[in-house]
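User: I am new to this structure. Please take a close look at the aromatic side chains of one chain and walk me through them.

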Amino acid sequence: MEIDFDALLSSFRDAKEEKTFPKKAVSDYVMSRIYEPLLRNEKVLYANLDFTRFDADDLLELMRLLDDSMRMAWKLTDLNRVFCQAKPASVGCRAFC
Amino acid sequence: MTMEEVREILPSISYACLCHKYGKLEKFIEAGNDAPTNDYFDCFYSALWIAGDKVSSHYNEDWCVASYYFSYQAMMDYYRLCRVYGKRRRIPLKENPFMKKAETFVNEMMDIGYGYYAFRLQTKVNHRWASGVVIYIDENGFNAEFEMVEAIFAIGDWYARAELYLWSVLDREGAFQSPALPAHKNEEEQHEQ
């Protein structure tokens with residue numbers, strides 16, 4: 001597989017820097033009582049939640065964090081696909097010894 | 001559950017937050033929404049049907065337009081009090097400042113800004129639930145369901161507070177005092193006569 005690393009590095013260098021949504025911006029209560037239990041497949045019941053500890057804006061922040069994380073994951077997946085689809089090319093000369 | 005699946009069900013929790021904000025979380029749970037779900041429209045309709053004291057709907061299949069009517073007891077009382085206020089000052093409804101205030105608030109709340117909807121404010125009091133807000137939604141393009149429910153809750157809450165305020169204004173003016181009764185004559189005065 002032949003990959004033009006110089007071109008790859010040049011592309012990375014020229015790419016625009018993107019800021020990610022900071023994880024600390026999300027409420028601790030939302031992370032510990034809603035997000036993490038759901039990830040662990042635990043049942044989250046509204047009757048057990050303290051709605052005075054968070055509001056709809058806190059949920060929006062968590063949504064932004066997840067959207068950010070998913071967008072990065074999709075881009076890495078696309079990059080991985082590019083590498084996987086790169087056509088194999090034989091080496092012109094001996095690589096070792 | 002994956003990150004994507006969690007992301008899908010978070011909007012349903014927003015509806016629970018909204019219901020809690022306006023004191024209707026128990027009703028929301030009783031309607032079958034006791035936990036987060038990815039059925040967004042189930043949450044939307046559950047919240048919609050508890051947003052008013054009286055809620056009714058109609059669907060026009062030819063135009064794919066759904067219409068909802070919301071009314072509140074406080075709204076009915078408010079408009080009756082507006083008429084008392086106007087009658088005492090001999091001002092028509094169009095110039096009644098309390099009528100204008102209510103109309104301004106409803107217009108501001110219903111300015112959701114996403115299009116594909118229309119609304120109308122009714123201010124009559126000739127029968128129960130005569131006052132209310134009618135909302136028409138074009139299902140082909142409307143996608144501000146949460147904002148709409150939020151507006152309906154806010155409108156109901158506003159009328160509840162405004163009705164108390166207007167009642168206190170009229171009460172201070174003596175609008176609800178019964179006319180003075182003649183003084184009670186004691187037995188001696190009655191006997192002399």
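Analyst:
**Aromatic contacts in chain B**

Trp158(B) counts as buried, because its relative accessibility is 12%, under the 20% cut-off. Its neighbour in the contact is Tyr159(B): the two form an edge-to-face aromatic pair. Their ring centres lie 5.1 Å apart, with 90 degrees between the planes. Tyr159(B) is buried too, at a relative accessible area of 0%.

Keep in mind that this is a predicted model. Chain B averages a pLDDT of 91, and 92% of the residues score at least 70. Confidence in chain B is lowest in helix α7 (residues 187-192), with a mean of 58. It is highest in helix α5 (residues 97-109), at 97. For the complex, the predictor gives an ipTM of 0.74 and a pTM of 0.79.

Back to the rings. Over all chains, the count comes to 21 aromatic pairs. One of them joins Tyr78(B) and Trp158(B), edge-to-face. Here the centres are 5.7 Å apart and the planes meet at 65 degrees. This pair links distant parts of the chain: Tyr78(B) sits in helix α4 (residues 73-89), Trp158(B) in helix α6 (residues 145-172), 80 residues apart. Tyr78(B) counts as buried, since its relative accessibility is 1%.

Now a cluster. Tyr15(B), Tyr40(B), Phe41(B), Phe44(B), Tyr45(B) and Phe146(B) form one aromatic cluster. Phe41(B) lies in helix α3 (residues 40-50). At 43% relative accessibility, Phe41(B) counts as partly exposed. Phe41(B) also helps make a nonpolar surface patch of about 300 Å², together with Tyr45(B) and Trp49(B).

Methods: Residues numbered from 1 in each chain as written. Chains lettered and ligands numbered in written order. Heavy atoms only, no water. pLDDT = per-residue confidence, 0-100. Helix = DSSP H or I, 4+ residues; strand = E, 2+ residues; numbered from the N terminus. Patch = residues over 30% accessible without salt bridge, like charges linked within 9 Å, V, L, I, M, F, W, Y side chains within 5 Å. Areas by Shrake-Rupley, 256 points an atom, 1.4 Å probe, with all protein chains shown as cover. Salt bridge = Lys/Arg side-chain N within 4 Å of Asp/Glu carboxyl O. Buried < 20%, exposed > 50% of the residue type's maximum accessible area, 1.4 Å probe, protein only. Phe/Tyr/Trp six-rings, centres within 6.5 Å; stacked < 30°, edge-to-face > 60°.
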